[in-house]
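User: Please take a close look at a single part of this model, the disulfide and its surroundings. I would like one connected account of that region.

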Amino acid sequence: VQLQACGGGLVQPGGSLRLSCAASGRTFSSYTYGWFRQAPGKEREFVAAISANGGSTYYADSVKGRFTISRDNAKDTVYLQMNSLKPEDTAIYYCAARAVPPYSNSYYTTSAMYGYWGQGTPVTVSS
């Protein structure tokens, strides 16, 4: 599966952005997806994950209550709605996919579990 992430940009603290990750090449419903981010000088970290059937989601404590991951199987796209953005959210955001049984309810929070990665989209939160 090929992944194309977009939607990043510059936003003021307290603002919102919606990232999109369009998938192509394989059956969208047979993949679980995750968002990760990497800030300058730091290691890549988990942000959010969603199961293949969309029934399960999981968030890092740092974004819980502010970010929402969702998927539209008709559009083969995964979204990350980011609200109440903080300067510490500044990073390059990556979407990732892992093949699973169709409509699986599993999700994964470690980058090593994902075999497919998008190119990353930068998010800068600054006044």
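Analyst: A disulfide is here a pair of cysteine sulfur atoms within 2.5 Å. The model is a predicted one, and the structure holds one disulfide by this criterion. The bond joins Cys21 to Cys95, with an S to S distance of 2.1 Å. The link of Cys21 and Cys95 is right-handed, with 65° about the S-S bond. Distant parts of the chain are connected in this way: Cys21 belongs to strand 3 (residues 17-24) and Cys95 to strand 9 (residues 91-99), and the two cysteines are 74 residues apart.

Both ends of the link can be placed by accessibility, for which the cut-off for buried is under 20% relative accessible area. Cys21 has a relative accessible area of 0% and is therefore buried. Cys95 counts as buried because its relative accessibility is 1%. A further cysteine, Cys6, is in no disulfide; the nearest cysteine sulfur to it is that of Cys21, 8.6 Å away. That distance is outside the 2.5 Å limit for a disulfide. Cys6 has 42% relative accessibility, so Cys6 counts as partly exposed.

The strand that carries Cys21 is part of an open sheet. This sheet has four strands in the order 1-3-8-7, with antiparallel pairing. Strand 1 and strand 7 are the edge strands, each pairing on one side only. From one strand to the next, the twist averages 15°. Strand 3 and strand 8 run antiparallel and are joined by six bridges. Across this pairing, Cys21 stands opposite Val78 in strand 8.

Strand 8 may be followed back to its start. Thr77 lies in strand 8, which covers residues 77-82. Thr77 counts as buried because its relative accessibility is 9%. A polar atom of the Thr77 side chain lies 2.8 Å from the backbone oxygen of Lys75. Asp76 is found in the loop between strand 7 and strand 8. Phi of Asp76 is near 55°, a positive value in a residue other than glycine. Most residues other than glycine have a negative phi. Asp76 has 26% relative accessibility and therefore counts as partly exposed.

The strand of the other cysteine leads to a comparable backbone feature. Tyr103 is in the loop between strand 9 and strand 10 (116-117). Phi of Tyr103 is near 65°, again a positive value in a residue other than glycine. Tyr103 counts as exposed because its relative accessibility is 55%.

The nonpolar packing completes the account. The largest nonpolar core has 38 residues, and those with the most contacts inside it are Tyr33, Trp35, Leu80, Met82 and Tyr93. Among the elements that give two or more residues to this core are strand 3, strand 8 and strand 9. Strand 1 (2-6) and strand 7 (67-72) also give two or more residues to it, and these are the edge strands of the open sheet. Further contributors of two or more residues are strand 4 (31-38), strand 5 (45-50) and strand 11 (121-125). The strands of the two bonded cysteines, strand 3 and strand 9, are thus both represented in the core.

Key:
Residues numbered from 1 in each chain as written. Predicted model: local features only at pLDDT ≥ 70, side-chain atom pairs only at ≥ 80, totals over all residues. Heavy atoms only, no water. Buried < 20%, exposed > 50% of the residue type's maximum accessible area, 1.4 Å probe, protein only. Polar contact = N/O pair within 3.5 Å; in protein donor to acceptor, adjacent residues only side chain to side chain. Core = buried A, V, L, I, M, F, W, Y, C linked by side-chain atoms within 4.5 Å. Pairing = 2+ DSSP bridges. Axes fitted to C-alpha atoms, helices over the stretch in contact; angles between N-to-C directions.
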